[in-house]
Amino acid sequence: MTAPLLPSQPSFSSVPPRDDAGPTTDARPRDAGDDRREQAEPGEVAGRVAFVFQGGGSLAAAQVGMLRALTEAGIVPDLVVGASAGALNAVAYATDPTVAGIERVAAVWTSLRRKDVAPLSLRALAGGLIGRQDGLASSTGLRHLLESGLVATRLEHTVIPAHVVTTDLETGHPLVLSEGDTVQALLATSAYPGVFPPVTLDGRRLIDGGVSADTPVRQAESLGAMTTYVLPSVGPTPGAATPEPVPHGAFALALRALNQILGNAARADMSALHGTVYLLPAPGTTIVNPFDFRGTGALLAAGYRLTRAWLRDATPLQAPAAAAPPAPLRLPLTAPAPGLA
C-alpha cells in the first residue's frame, strides 16, 4: 500500500517510547517561542513553515490525502497546529511524519464508523436532555482510538512540534496546548458542544477548538510561522473540484450556516496575517453530517488528487506586506500513490 519516501525527503527519528506513568492531565499552554525545531533547512520555503488543520469532523479525512501529496512534494513543516478533528490529524502526522505514518492514519479514517467515536444510547440521550450530563455521547470510543498508538503519549514527544487549539468554556477564548497528555488534549479539542462533555485541564473546562478558532492560523503565526499551509476540510476553496452543494433539511441547513460563519471568521483571520498563506483546495462533498464516515475513502482520494494538481502551480493566498510576492511553487511530482489517485 505504501511507497518508499522520496530520496530528497529528510529522515525522521522514531518517536520516543510511550512512558508507563499512565495518563495525566497536565496539558497546558506553552510559550510561542518554546519550539523544538530550529530554522528551516536550506532549500525549504523561507521562514518557519506551519501546517494548519481546520476542524470539520469526518470531513477532515481529506486532510490525510493532502498530507500525502505535500510529503511526496518534499514540503515539511516546522510545526503543526490543529483544532477539533484537524488536531487529531495534526498530532498523528507529527507523531510519524512519513508516508508510512500517513498511510496508517488513512487506514484508521477508512475504518471509522460513527459508533466508534460517538456511540449513542437511550440512557445517555435522556441524561443529556434532562441536564444530568453534559454530552449526548460518551467519549470512551474516541479515547480508545487515541490510546491505540496512533499518537504520541505526550505532545512534547512528537517528531514535529504539535499544538492543539481548544476553547475555554468560561471565556470562549482559544487556548493552545503544546505539551502534556496527548489524549486529554485531543479529547478537549474534540469536545463538540452538546455531543461530548467538556474536558477539565488545570481547572479549566475546555471544549472543541473549532468554537473559537476553527482554522487556527492566528495561533500558528503567534507560534512563529512565517509561511502557513492551510489544510481545510470544508469547501468550497480555490481549486475545489465542484461547488459545495446546497443541502436540504433543518439539521443540514444549520450545519451549513455554522460552516459559513466559521468560514467567514477564517477568511478574516487569514487576511490579517503578516506572513504568506497557501490555502489548499478542499473537495466538494454531499456529506453534511460531521459524524458520517461513509465517504472518508472518497475524501482521502480527492484531497490527494486536488493537492497534487494544485502543487503544479501553487500561488499564495496572501503575500507579506512590504515584500515582493513569492514565486509560485512549481515542484516535480511523483507518480500517483496507490489507492489515492
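Here a colleague asks and a modeller answers about a predicted model.

Colleague: How many helices and strands does the protein chain have?
Modeller: The model is predicted, and the protein chain in it has 341 residues. Its secondary structure comes to eleven helices and eight strands.

Colleague: What percentage of the residues in the protein chain is buried?
Modeller: Buried means under 20% relative accessible area. In this protein chain of 341 residues, the buried share is 51%.

Colleague: Among contacts between residues at least 6 apart in sequence, what percentage joins residues at least 24 apart?
Modeller: Take the contacts in the protein chain between residues at least 6 apart. Those joining residues at least 24 apart make up 80%.

Colleague: How many residues of H1 are buried?
Modeller: Helix H1 covers residues 62–72. Its buried residues include Ala 62, Met 66, Leu 70 and Glu 72. The helix is largely enclosed by the rest of the structure, because the buried count is eleven of the eleven.

Colleague: Which elements cover the buried residues of H1?
Modeller: Both strands and helices take part. The cover includes strand S1 (49–53), strand S7 (227–231), helix H2 (85–95), helix H3 (99–111) and H11.

Colleague: At roughly what angle do the axes of H1 and H2 cross?
Modeller: The two axes come within 10 Å. Their crossing is right-handed. The angle is roughly 35°.

Colleague: Which residues make the contact of H1 with H2?
Modeller: By class, this contact has three nonpolar, four polar and no charged residues. H2 brings Gly 86, Asn 89 and Tyr 93. H1 brings Gln 63, Val 64, Leu 67 and Thr 71.

Colleague: Which residue of H1 forms a salt bridge with Arg 68?
Modeller: Side chains of opposite charge can pair when their charged atoms come close. Here the closest N and O atoms are 2.8 Å apart. The two residues lie four apart in H1, about one turn of the helix. The partner of Arg 68 is Glu 72.

Colleague: How far apart in sequence are the parts tied together by Glu 72 and Arg 308?
Modeller: The side chains of Glu 72 and Arg 308 meet in a salt bridge at 3.6 Å, N to O. Glu 72 lies in H1 and Arg 308 in helix H11 (residues 296–311), so the parts tied together are apart in sequence by 236 residues.

Colleague: Is Arg 308 buried or exposed?
Modeller: Its partner Glu 72 has 8% relative accessibility, so Glu 72 counts as buried. The cut-off for that class is under 20%. Arg 308 has a relative accessible area of 9%, so Arg 308 is buried.

Colleague: Which residues are linked with Glu 72 in a network of salt bridges?
Modeller: The search of the whole structure finds seven salt bridges. Glu 72 pairs with Arg 68 and with Arg 308. Linked with Glu 72 in the network are Arg 68, Arg 308 and Glu 103.

Colleague: Which residue just after H1 takes a positive phi?
Modeller: The phi angle there is about 80°. The residue is Gly 74.

Colleague: What separates Glu 147 and Arg 143 along helix H6?
Modeller: Their side chains meet in a salt bridge at 3.5 Å, N to O. Glu 147 is partly exposed at 35% relative accessible area, and Arg 143 is partly exposed at 25%. They are four residues apart in H6 (residues 140–150), so the separation is about one helical turn.

Colleague: Which residues make the contact of H6 with H7?
Modeller: The axes of H6 and helix H7 (residues 182–189) come within 10 Å and cross at roughly 140°. That angle makes H6 oblique to H7. H7 gives Val 183, Gln 184, Leu 186 and Leu 187, and H6 gives Leu 142, Arg 143, Leu 146 and Glu 147.

Colleague: How do the residues of the contact of H6 with H7 divide by class?
Modeller: The crossing of these two helices is right-handed. The contact residues divide into two charged, one polar and five nonpolar.

Colleague: Where does Ser 84 lie?
Modeller: Ser 84 has a positive phi near 55°, though it is a residue other than glycine. Its relative accessible area is 10%, so Ser 84 is buried. It lies in the loop between strand S2 (79–83) and H2.

Colleague: Is Asp 202 buried or exposed?
Modeller: Asp 202 is not a glycine, yet its phi is positive, about 50°. It sits in the loop between strand S5 (199–201) and strand S6 (204–207). With a relative accessible area of 53%, Asp 202 is exposed.

Methods. Residues are numbered from 1 along each chain as its sequence is written. This is a predicted model: local features need pLDDT of at least 70, side-chain atom pairs count only at pLDDT 80 or more; totals for chains, interfaces and linings use all residues. Side-chain values use heavy atoms; hydrogens and water are left out. A salt bridge is a side-chain nitrogen of Lys or Arg within 4 Å of a carboxyl oxygen of Asp or Glu. Buried means under 20% relative accessible area, exposed over 50%, partly exposed in between (1.4 Å probe, protein chains only). Contact means heavy atoms within 4.5 Å. Axes are lines fitted to C-alpha atoms, for helices over the stretch in contact, and angles run from 0 to 180 degrees between N-to-C directions. Angles under 35 degrees count as roughly parallel, over 145 as roughly antiparallel, 65 to 115 as roughly perpendicular and the rest as oblique. A crossing is left-handed if the near helix is turned anticlockwise from the far one by less than a right angle, and right-handed if clockwise. Ala, Val, Leu, Ile, Met, Phe, Trp, Tyr, Cys and Pro count as nonpolar, Asp, Glu, Lys and Arg as charged, and the others, Gly among them, as polar.
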